[in-house]
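Dear colleague,

Please find below the structure I agreed to hand over, with its sequence. My notes on what was found follow directly after.

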Amino acid sequence: MDSIKKLYRYKFFQHTQTEPSEFYQSVVITPNKAARFTGLDVFTEGYKFSWRTFCMIVSILVYIYCCVFTAYELRCNMEKLIFCLLTSGLAPHKTVKVWTFLVFQKELYWFHQYTKDLYREECNDRTKSMLMKNVSLLSVTVKLMLVAYTCISSAMDIVPIISSAVSGEKTLPFGFYIPFLDHTSSVGFACNFIIQGALTVYVLCSGYGADCIYLIAMASSFTQIDVLMSALKELTTEIEAKKQDVGECLNQIIVRHQEHLKYLGTLESVFRFYFLVNFVSLALTLILSWYAAIILSWYQGYGFILFISYGLFFGCFLGTLLAMKSEQLERAIYDVPWYKMSLANQKSMKFLLNSAQKPVSMTFIFYKLDVPTFLQMYKMIYSTFTMLLTVRDE
């Protein structure tokens, strides 16, 4: 939190909210507005399929068609073909994102509604400070992601302009061309650049909005664990003071924990297929990026390497944080002086501990979504790349 507090010196990261529930709702506004630009504002009450969503689906289909057309036209130019294949790797990523948000819209809105209610119901003198710290951290992270995505999307347009001015060769942000339009002519190049410049805005809004919505949903699970640990500390105090309402407090903790497990189970089922497709498509694209950057001296490939590596690491890092928080919760339950409780309450504590020892982990169907999986996948990507080098040399 010390590093977060330092950022409060800047007006961009400051806030005037005093209530956790209101603060949380204010944090959600910007990501949901970004998602609304592409018709994926699933945190909006009464969300329905809109013309923006239709335009997003049409743009993906057009994008796939343009990539296929361009790849065929450039089949004899290895460097430009790889650039086309790299940018076409975004298509599965965007497609599965739209599919996930449309199919699981009700579940995604339930995440938002549950979190909003949680901040309101659990706000008291004991937990308010903790809840405000959690929302403050979420607020800063969401704003930092906005800055990062804005810089990336701006660079996607600015770097080709600078490259074109310096080298004299017409360079576009993406590796595809509009079919049946001569991109080498001034008019054709301008039309391609305008369309692809607009596409970077779509990439910014859909990427930032969807990633933040997932981040907010995951951050809620962290807050649920913090609330449970705070309640366990209060339970310990009541046990030591030999109060009579220990059983009622314990039952409330068990109910909250069951809600937490249900929340995580739903979250995992919503996003596991999304992360499977995401990891497969980005891993293949990353291998091409390494090949283009090192073998073909295509220096733009290093930008793709950083962006794709972030996409792979983002979900894995949050999965590891969840595992760490779950271990803290398990330890907090174990530290409760259960031996001072009645026999009935001891049985309830045993049930709670057994449930905590079987936490729900985020997965992409076959593997856990955590940092060790990220490292294992990166090793596999590097091994595949070195195999390509060996085959090429032979």
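Ile194 is a suitable place to begin: with a relative accessible area of 61%, Ile194 is exposed, because the cut-off for that class is over 50%. Please bear in mind throughout that this is a predicted model. Ile194 belongs to helix 8. Along the chain, Ile194 and Lys94 are 100 residues apart, and 21 Å separates their C-alpha atoms.

Nonpolar cores

The largest nonpolar core holds 105 residues, and those touching the most other members are Tyr214, Leu232, Leu235, Leu267, Phe271 and Leu312. Helix 8 contributes 23 residues, the largest share of this core. Another core lies apart from it; this one has five residues, including Leu74, Leu172, Phe189 and Phe193. As for Leu232, leaving aside residues up to four places away in sequence, its contacts are Ile253, Leu329, Ala332, Ile333, Val336 and Leu352. As general background, nonpolar side chains tend to be buried together in soluble globular proteins.

Helix 5

Helix 5 has 14 residues, which should span 20 Å at 1.5 Å a residue; the C-alpha atoms at its ends are 20 Å apart, so the two values agree. Which residues of helix 5 are buried? They are Leu90, Ala91, His93, Lys94, Val96, Lys97, Val98, Thr100 and Phe101. The cover over these buried residues includes helix 3, helix 4 (78-88), helix 6 (105-121), helix 8 and helix 9.

Cavities

There are four cavities of 30 Å³ or more. The largest cavity contains about 230 Å³ of space. Its lining is made up of 21 residues, and His93, Lys97, Tyr149, Asp211 and Gly311 lie nearest the centre. Two or more lining residues come from each of helix 5 (90-103), helix 8 (186-240), helix 9 (246-294) and helix 10 (300-335). By type, the lining of the largest cavity comprises 14 nonpolar, four polar and three charged residues. His93 and Lys97, named above for this cavity, are also listed among the buried residues of helix 5.

The second largest cavity has a volume of about 140 Å³. Met56, Ser59, Ile60, Tyr63, Leu90, Ala91, Lys94, Phe174, Leu199, Tyr202, Val203 and Ser206 line this second cavity. At least two of the lining residues are supplied by each of helix 3 (51-73), helix 5 and helix 8. Nine residues of this lining are nonpolar, two are polar and one is charged. Leu90, Ala91 and Lys94, which appear in this lining, are also among the buried residues of helix 5.

The largest pocket

Turning to the pockets, the largest pocket holds about 530 Å³ of space. It is lined by 22 residues, with Leu137, Leu215, Phe222, Leu318 and Leu321 closest to its centre. Helix 7 (128-167), helix 8 and helix 10 each give at least two residues to the lining. Helix 10 provides the largest share, nine residues. The lining of the largest pocket divides into 16 nonpolar residues, four polar and two charged.

Helix 8 thus recurs in these notes: helix 8 supplies at least two lining residues to the largest pocket and to the second largest cavity, and gives the largest share of the largest nonpolar core.

With kind regards

Conventions. Residues numbered from 1 in each chain as written. Predicted model: local features only at pLDDT ≥ 70, side-chain atom pairs only at ≥ 80, totals over all residues. Heavy atoms only, no water. 1 Å grid on protein atoms, 1.4 Å probe; cavity = no way out; pocket = protein on both sides within 12 Å on 5 of 7 lines; lining within 4 Å. Points joined across faces, edges and corners; volume = space filled by probe spheres on them. Helix = DSSP H or I, 4+ residues; strand = E, 2+ residues; numbered from the N terminus. Nonpolar A, V, L, I, M, F, W, Y, C, P; charged D, E, K, R; others polar. Buried < 20%, exposed > 50% of the residue type's maximum accessible area, 1.4 Å probe, protein only. Core = buried A, V, L, I, M, F, W, Y, C linked by side-chain atoms within 4.5 Å. Contact = heavy atoms within 4.5 Å. Expected span 1.5 Å × (residues − 1).
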